[in-house]
Amino acid sequence: MNWVIVLLLVSGSAWAGEARPMGDNPAIEARLKQLASELRCLVCQNQTLADSNAPQAEDLRREVREMIAQNMSDQEIIDFLVSRYGDFVLYRPPFKPTTVLLWAGPFVLMVGGGVALAVTLRRRQHMIREAMMTEDDRRRVEQLLSQRSKES
Amino acid sequence: MIPEIGHYALILALCVAFVQGTVPVYGAAVGNPRLMALAIPAARSQFFLVLIAFGCLAYAFFMNDFSVLYVAATSNSQLPLHYRLAAIWGAHEGSLLLWTFILTMWMFAVTVFSSHLPAAMRARILGVMGLVSVGFLLFMLSVSNPFERLIPAAVEGRDLNPLLQDPGMVLHPPMLYMGYVGFSVAFAFALAALLGGNLDAAWARWSRPWTTVAWCFLTIGIALGSGWAYYELGWGGWWFWDPVENASFMPWLAGTALVHSLAVTDKRGGFKVWTVLLAIMTFSLSLLGTFLVRSGVLTSVHAFATDPKRGLFILSFLAVVIGGSLALYAWRAPRVGLGGGFAPVSRESFLLANNVMLIAATGAVLLGTLYPLFLDALDLGKISVGPPYFDSVFVPLITPVLFLMGIGPLAQWKKAEVPALAKRVRWAAGVSVATALILPLVLGEWTPLLSLGFLLASWIVSTAIVSVREQLAHMTGGGLIGRLGRLPRSYWGMLLAHGGIAIFVIGVTMVKGFETEQDVRMNVGDTAVVGGYVFRFDGVQNVKGPNYTAVRGTFHVSRAGRDLTVLYPEKRRYLAQNQVMTEAAIDSGLVRDLYVSLGEPLEDGAWSVRLYHKPFVNWIWGGCLVMAVGGVLAVSDRRYRPAWRREPQMVPAGAQLVGR
C-alpha cells in the first residue's frame with residue numbers, strides 16, 4: 001500500500017495538476033479558519049488573523065495549526081495566546097469586570113429604550129387627554145392639509 | 001506665493017464666518033432686517049474665500065510644490081495627477097479643508113434655496129452654520145494649517161499612502177463628507193427653530209429635503225468605502241467593524257432615525273422635541289466621526305495624548321458644540337407643544353419604536369468603538385473589540401427595526417387596530433415564513449442566520465407589495481399604470497429605500513451563508529475549483545506602473561469546460577515608500593463575484609493564492625444605491641417643490657414674516 005502513497009506524493013509535486021491547499025488536513029484548516037477569524041493580527045492596523053497576509057500572521061497561523069494538530073482544544077489555544085499576548089489578541093473581548101459595561105451596555109440600551117418608549121407612550125396618552133391640540137396647532141395642520149389637497 | 005494666498009483666504013474666511021455667526025443671529029433676536037440680511041452675502045463670500053484656499057492647495061499639489069509641508073508629506077512627483085489631486089484629502093489638514101469647503105458649499109446652497117424661509121429663520125440657520133465654520137477654520141489656522149511651509153523645501157515628496165492610491169480615494173471622502181456636513185444643515189435648522197421658538201410642522205417640512213439629501217450622500221459614501229475596502233484590501237471582506245467605518249456608520253444610523261422622525265413631525269406635527277434632539281445627535285456624531293478618524297486617537301491613545309494641542313482643541317470644540325446645543329435644547333424644548341395625539345398602536349408609535357431601536361443600535365456601536373480607547377486611556381488594559389462582538393450585539397438590535405419597517409408603512413396614522421393590521425399582513429407573513437424555511441433548504445444549507453436573513457428580506461418586500469395593492473385599491477379610475485403613476489413620488493421613494501434594505505439583506509445573507517474560499521498553493525498550470533469555477537494559474541510576469549513595479553499573475557477561469565474570463569491579480573511594490581500592496585482581481589456579476597488575490601511566492605515558482613466565490617456580494621452595494629435613489633426620489637416629490645417655487649403659499653400663518 002505504501003508505494004501508492006509515495007507515487008501520489010511524487011506525482012503531486014512533479015507534474016502540474018490539482019492545486020494543493022496550504023494546509024494538508026481540511027478539518028484542521030476549517031478549525032484554524034474559525035479560530036483565526038476571532039483573533040487579531042498583532043502587527044496590522046486592524047485585521048483578523050484569518051485575513052492578514054503579514055508574515056507575522058503567517059507564523060502565528062502556523063503555530064495555531066500546530067496546536068490544533070496536537071489536539072489542543074479551542075479554549076486551550078485561546079488561553080495560551082492570551083497568556084502570551086494579552087486580551088488584545090481576542091476580537092471577542094472576554095467577559096470580566098472591566099468589560100461588563102461593554103457586554104451589558106447594548107442590552108441595557110435596548111431594554112431601557114423599550115421601557116422609556118412604553119412610559120412615554122402611556123404618559124403621552126394622559127397628557128393628550130388633558131390638553132388636546134392647541135388652537136394654533138389645529139389651524140396650522142388644517143392649513144397644511146388643505147394645501148396638500150390643493151396640490152394633488 | 002500661491003500657498004500664502006490660500007492661507008490669507010482662510011484668515012479672511014474666519015473673519016467672515018465670525019461675522020456670519022454673530023451679527024445675523026443678533027439681528028434676528030432684535031428684529032433688525034438689515035442685520036439679518038447680512039447672512040446671505042457673508043455665507044456666499046465665505047464660500048468663495050474657502051474655494052480660493054482649496055484652489056490654492058490644489059495648485060500646490062498640481063505643481064508638486066514640496067515647499068509646502070502638507071504637500072511634501074502626502075504627495076510625490078511620480079504620483080499620477082488624479083491621485084495628486086485626491087491627495088488633497090489624503091491626510092489630516094487637507095481633510096479639514098475639504099470638510100470646511102463642503103460646509104461652505106452647503107451654506108451657499110442654503111442661500112440659494114431658502115428664499116421661501118422667513119428672514120429670521122434664514123439668518124439663524126446661516127448663523128449657526130457660520131459658527132460651526134468658525135470652529136473648523138480656527139482649528140485649521142491654529143494647529144492644522146495645510147499651507148504651512150517647509151523651509152528648505154523637500155526635493156521629493158513622501159508620497160500618498162499606497163492604500164489610498166485608488167479610484168475609491170477620489171470619490172469616497174468627498175461623498176462621505178457631503179453626508180457628514182450635510183447634516184449640519186439639519187442641525188442648523190433645528191437650532192434656528194429652538195432659538196426662534198417656532199418649532200412647527202413647517203420647520204420640519206423645510207428641513208426634511210436637506211436631511212434626506214445628506215442621508216443619500218452618506219449612504220453612497222459609506223457604500224463606496226465598503227466597496228473600496230472589498231477590492232483594495234485584498235481579503236474579500238466588505239465590512240470590518242473597523243472604528244473608522246463605525247465612525248461613518250453611527251451618523252448614518254442616527255440620520256436614518258432623524259429622517260423618519262422628521263416624517264412624523266412634518267405630517268402629524270408630533271415628535272418635535274425628539275426630532276430636534278436627533279438632529280443635534282446626528283450632527284454631533286458626524287463631528288465625532290470626523291475627529292475620531294482625523295485625530296489619530298484610534299491608532300494610539302498615547303500618540304494622541306503626546307501631541308495634546310490638537311486633541312485639546314478637538315475635545316473643547318466637541319464640548320462647545322454638543323454641550324451648547326444640548327443646553328439650548330434643555331432651555332427651549334420644554335416649551336414646545338406635543339403635536340397631534342396618537343394611540344399606542346399607530347404609525348407614530350411604530351416609527352417611534354424604530355427610532356428607539358436605531359438609537360440603541362447607534363449607542364451599541366458607539367460603545368464598542370470607544371470602549372477600548374477608554375480602557376486604554378484609564379490604563380485598565382488593552383482589548384480589541386472586533387467583528388465577533390459587533391455581529392453578536394448588532395443583529396439582535398437591528399432585527400426589530402427591519403420587522404417594524406414592514407409593518408410601519410401599513411399602519412394608520414393616529415390609531416391602528418391590531419387585529420385588522422394582522423389580517424392585512426397575514427399573507428405577507430405566511431410568504432415570509434415559508435421563504436425563510438424553504439429557501440435555505442433549496443439552496444442546500446439551513447442555518448438560523450440564513451433563515452433570519454431571508455425572513456426579513458421577504459417580509460420587507462411582501463409587505464411593500466401589500467402596501468402598493470392597498471394604495472391602488474383606494475384609487476378610482478385610470479388603468480393600472482395610470483394609478484401607479486398617480487402615487488406620490490415620496491411614497492415610491494420610501495418603497496425604494498426600503499427595498500434597498502431588502503436587497504442589502506439578501507446580499508449579506510447570501511455572502512455570509514454561501515461564500516466559498518480556497519487558500520491554495522499553485523504552481524504554473526495548476527487548477528483549483530471554487531464554487532464550481534475552475535481557476536488555472538498561468539504564471540506571473542513583471543509589470544511596471546507609473547510609481548510602482550508589480551508582479552502580475554494570470555488566471556484563466558472556466559466553468560463546465562467553457563472559458564469565462566482571465567483575471568490578473570497583482571502584487572505591487574510602491575517605490576517611494578517601498579510598500580507592498582495586494583491588488584485583487586475580480587470578475588463581477590449580478591449573482592456572484594470571482595475574486596483572486598496573490599499571496600506570497602513559494603519555492604520553485606509556486607504562489608500562495610486566495611480564491612473566493614462570493615454569491616450576491618454586489619447586492620450589498622446595489623442595495624445602498626437603491627436606498628439613495630429612493631431618497632432622491634422622495635426629495636423630488638411635489639410636496640417639497642412649492643418650497644422653492646411658489647413660496648408665498650408655503651409660509652404658515654404662525655411664522656413671523658419679516659420681509660423677504
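An open sheet of 5 strands, ordered 1(A)-1(B)-10(B)-9(B)-8(B), runs with antiparallel pairing across the two chains; helices (H or I, at least four residues) and strands (E, at least two) are DSSP runs, numbered from the N terminus, and two strands pair if DSSP finds at least two bridges between them. The edges go to strand 1 of chain A and strand 8 (585–587) of chain B, each with a single partner strand, so one side of each has no neighbour in the sheet. The model is a predicted one, in which local features need pLDDT of at least 70 and side-chain atom pairs count only at pLDDT 80 or more, while totals for chains, interfaces and linings use all residues. Residues are numbered from 1 along each chain as its sequence is written, with chains lettered from A and ligands numbered from 1 in the order in which they are written.

The link between the chains in this sheet is made by strand 1 (residues 20–21) of chain A, which pairs with strand 1 of chain B in the antiparallel sense over 2 bridges. Here A:R20 has B:R521 as its bridge partner. Beyond the sheet, the contact between the chains takes in 58 residues of chain B and 46 residues of chain A, where contact means that C-beta atoms, placed from the backbone, lie within 7 Å. On the chain B side, helix 14 (347–377), helix 15 (387–407), strand 1 (516–522) and strand 2 (527–530) each supply at least two residues. Helix 14 of chain B gives the largest share, 13 residues. By class, this side of chain B holds 29 nonpolar, 21 polar and 8 charged residues; Ala, Val, Leu, Ile, Met, Phe, Trp, Tyr, Cys and Pro count as nonpolar, Asp, Glu, Lys and Arg as charged, and the others, Gly among them, as polar.

Strand 2 of chain B also takes part in a hairpin. It pairs with strand 3 (residues 533–544) of chain B, antiparallel, over 4 bridges, and B:V530 sits opposite B:Y533. There are 2 residues between these strands, and B:G531 in the hairpin takes a positive phi near 55 degrees. Strand 3 of chain B then runs antiparallel to strand 4 (residues 548–559) of chain B, joined by 9 bridges, with B:V534 partnered by B:S558. A hairpin of 3 residues makes that connection.

Turning to the helices, helix 11 (residues 272–295) and helix 13 (residues 308–332) of chain B have axes that come within 10 Å and cross at roughly 180 degrees; axes are lines fitted to C-alpha atoms, for helices over the stretch in contact, with angles running from 0 to 180 degrees between N-to-C directions. That makes the two helices roughly antiparallel, the word used for angles over 145 degrees. Among the residues that meet are B:L287, B:L288 and B:F291 in helix 11 of chain B, and B:I314, B:L318 and B:V321 in helix 13 of chain B. The contact has 12 nonpolar, 4 polar and 1 charged residues. As for helix 1 (residues 2–30) of chain B, its 29 residues should span 42 Å at 1.5 Å a residue, and its end C-alpha atoms are indeed 42 Å apart; the expected span is 1.5 Å times one less than the number of residues. Just after helix 1 of chain B comes B:G31, with a positive phi of about 75 degrees.

How values were computed: Contact = placed C-beta atoms within 7 Å. Parallel < 35°, antiparallel > 145°, perpendicular 65-115°, else oblique.
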